[in-house]
Every structure is written in structure tokens, then in C-alpha cells.
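Hi,

Here's the structure I said I'd pass on. Have a look first, and my notes follow below.

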Amino acid sequence: MNIQDNLAAINGRILQACQRADRDPNEVRLVAVSKTKPAAMIEEAAAVGQHLFGESYAQEFSAKFDQLGTAVDWHFIGGLQTNKVKYLRGKVSLIHSVDRLSLAREINRQWAKVDQVANILIQLNLGAEASKSGAGEAELEQLLRQVAELPNLHIRGLMALPPYLDDPEEVRPYFRQLRQLSEAMKARQIPGIELQELSMGMSHDFEVAIEEGATLVRVGSAIFGTRS
Ligand SMILES: *Cc1c(COP(=O)(O)O)cnc(C)c1O
């Protein structure tokens, strides 16, 4: 397991997927998902040019931030309880996983304390899977309108965590659905929001996600190895 080689391979595959889809590679950012992995591995990846990392657990993130600080750029991608938002305040440049108004309100409240604006994505539960978090499609527009009113919070796009399916081609319809939802919501011209980011695709399906319009791919095990 060599982080440098893995990163080079993933970046190569990102480029190829962009070429296939006739997309500008600068539109696609790799979020290296470092959850459960030690800070030393993040430093190793940073030393070979990976700048953006994704974490899923608030306290684990907080410990790593104490070690590495702003030497790298942090995104929070995991399910978030409102009482854990304080661990992220002012430290992450994007929260991918906002799925309810109460959570958005708490993020707004915490970021107001440091007089900053939090960048967030709204997470959708596309498969309507009972086990997964994410807002339902039917409630999306209302949620966007309500969250858009919060002054210390800025909506940047949408995120989804589709079902795990062995064949990435079977996930394609979910990615396409997220992009279409994003376009439908853009057409509503809701004041105060931007929907330029689409966070979708993980280790086993990020190339299909890029072909369908992903701007942020969240890749963990293919870079850092499997998690125990
Ligand atoms: C863990 C995680 C990933 C990365 O998954 P891999 O299969 O290891 O690439 C991506 N997104 C979210 C939300 C995650 O929790």
C-alpha cells in the first residue's frame, strides 16, 4: 500500500474520466477521505500534493485538526449530530452532509459566533434508503429555501451517497438523478444559493460519477487502503 502511487493512479483515472466526458479536469476535485486513518497518512498524502481531505467523525476530525491545523484543507462528509457541530466550527471549508433544517440552524449559530460563513452542501437520500441520512427529493426545494435564509451559511451544491452496488454502471442513474435535481433547482432561481458543486462518487464508482457531472469525488479506501 503506497499512498503516493495510489494518488497518482486515482488522479490519472480522474483525468481519463474527464476526457471521456469532455470535461475540464479543473472542475473536478479529489477529496481524500482519511476517516479512521492516522494523521501521519494525511501528512504523507499532503507531501505528494494532495491538499483536500474528508473526515466523517467530528471528534476524530477535531483531534486531527489539532495536529495538522490549516496545513491542509478539510471537508466534513459524515453524518452530523447537532451537538457535534461545535467541533467543526470555523475549521472545515465545506460540510457535505446537511440533511435537515435543525442541523443547518445549528451550523449557522456556531459559525455566527466566529463571524464566518459556513459553506455547505445539501445531502439527498436518492434511493430513499431507510438506513441512510439525507433529505428526500420531495422536501428539497423547501429545505433549500429555508436554509438559504440563514445568514451565516452558504449553500454550494448537492451531495448524495447512493446505494452500494457492485457494478458502478448500476449507480449511474443515481448520479444522473442528482445532477438533474441540481439543474431543476437552479432553474427555480432561489435567492442566495449557488448549486455549482455535485459531491458524488467514491472509490469504486468515482469515474462514473465524473462522467455524470461530479465536481467533488470522495475517495478513501482506494488511496489509504481498506478500513477495519
Ligand atoms: C467513507 C466515505 C467515503 C469514502 O468511501 P471509500 O469507498 O473508502 O472510497 C465517501 N463518502 C462518504 C460519505 C463516506 O463516509
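Let me start with what surrounds the ligand, bearing in mind that this is a predicted model. By class, the shell is made up of 6 nonpolar, 4 polar and 3 charged residues. Of those 13 residues, the ones that come nearest are Lys-35, Ser-203, Arg-218, Gly-220 and Ser-221. As for location, the ligand sits in the largest pocket.

Some of these neighbours also make polar contacts with the ligand:

- Ser-203 uses its side chain: an N or O atom there is 2.5 Å from an oxygen atom of the ligand.
- Arg-218 also contributes a side-chain N or O atom, this one 2.8 Å from a nitrogen atom of the ligand.
- Ser-221 takes part through its backbone, with an N or O atom lying 2.8 Å from an oxygen atom of the ligand.

How much of the ligand does the protein bury? Taken alone, the ligand exposes 390 Å², and the protein buries 89% of that.

On to the aromatics. Searching the whole structure turns up 3 aromatic pairs. One of them is Phe-53 with Trp-74: the ring centres are 6.4 Å apart and the planes are at 50°, so this pair counts as tilted. The cut-offs put stacked at under 30 degrees and edge-to-face at over 60, with the rest called tilted.

Where do the two rings lie? Phe-53 is in strand β2 (residues 52-55) and Trp-74 is in strand β3 (residues 73-76), so the pair ties together parts that are 21 residues apart in sequence.

Cheers

Notes:
Residues are numbered from 1 along each chain as its sequence is written. This is a predicted model: local features need pLDDT of at least 70, side-chain atom pairs count only at pLDDT 80 or more; totals for chains, interfaces and linings use all residues. Side-chain values use heavy atoms; hydrogens and water are left out. A residue is near a molecule or strand if one of its heavy atoms lies within 4 Å of it. A polar contact is a pair of N or O atoms within 3.5 Å; within protein, one must be able to donate a hydrogen and the other to accept it, and residues adjacent in sequence count only if both atoms are side-chain atoms. Accessible areas come from the Shrake-Rupley method with a 1.4 Å probe; for residues, only the protein chains shown count as cover. On a 1 Å grid over the protein atoms alone, a cavity is a set of points where a 1.4 Å probe fits but cannot get out, and a pocket is an open set with protein on both sides within 12 Å along at least five of seven lines; lining residues have an atom within 4 Å of a point. A molecule sits in a cavity or pocket if more than half of its atoms lie within 2 Å of its grid points. Ala, Val, Leu, Ile, Met, Phe, Trp, Tyr, Cys and Pro count as nonpolar, Asp, Glu, Lys and Arg as charged, and the others, Gly among them, as polar. Rings of Phe, Tyr and Trp (its six-membered ring) pair if their centres lie within 6.5 Å; planes under 30 degrees apart count as stacked, over 60 as edge-to-face and the rest as tilted. Helices (H or I, at least four residues) and strands (E, at least two) are DSSP runs, numbered from the N terminus.
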